[in-house]
Amino acid sequence: MNDVVNHPSHYTDGKIEVIDFIEDKRLNFHRGNAVKYIARAGKKNSEKEIEDLQKAAWYINREIKRLQEFKK
């Protein structure tokens, strides 16, 4: 059964849930969202695989900008 709220199938198709990986690695919001979108790319909606990867790239680029600002 697909529990769309607690355990959506597009995040639970591997050995561990994506959220468990994100929490275990203690990823911040930007990095966690990038992992989330990469992990689900094309699985929630096969027609939006590229969009999911673009969203992941957006979060990675935002994290890079945040780090660059922090180092100034």
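**View 1. His30 and Glu63 meet through their side chains.** In this predicted model, which admits local features at pLDDT of at least 70 and side-chain atom pairs at pLDDT 80 or more, with totals for chains, interfaces and linings using all residues, the side chains of His30 and Glu63 make a polar contact at 3.2 Å (N or O atoms within 3.5 Å, one able to donate a hydrogen and the other to accept it; residues adjacent in sequence count only if both atoms are side-chain atoms). Numbering runs from 1 along each chain as its sequence is written, and side-chain values use heavy atoms, leaving out hydrogens and water.

**View 2. The surroundings of His30.** His30 sits in helix α2, residues 29-40 (helices are DSSP runs of H or I, at least four residues, numbered from the N terminus). With 16% relative accessibility, His30 is buried (under 20% relative accessible area; exposed is over 50%; 1.4 Å probe, protein chains only). Leaving aside residues up to four places away in sequence, His30 touches Tyr59, Arg62, Glu63 and Arg66 (heavy atoms within 4.5 Å).

**View 3. Phe29 against Tyr59.** There are three aromatic pairs (ring centres within 6.5 Å, using the six-membered ring of Trp; planes under 30 degrees apart are stacked, over 60 edge-to-face, the rest tilted). Phe29 and Tyr59 are edge-to-face, because their centres lie 5.9 Å apart and their planes meet at 75°. Phe29 belongs to helix α2 and Tyr59 to helix α3 (residues 49-70), so this pair links parts 30 residues apart in sequence. Phe29 is exposed at 57%, while Tyr59 is buried at 15%.

**View 4. Tyr37 on Tyr59.** These two rings are stacked, 6.0 Å centre to centre with 15° between the planes. Tyr37 and Tyr59 are both buried. Phe29, Tyr37, Trp58 and Tyr59 make up one aromatic cluster.

Conventions:
Helix = DSSP H or I, 4+ residues; strand = E, 2+ residues; numbered from the N terminus.
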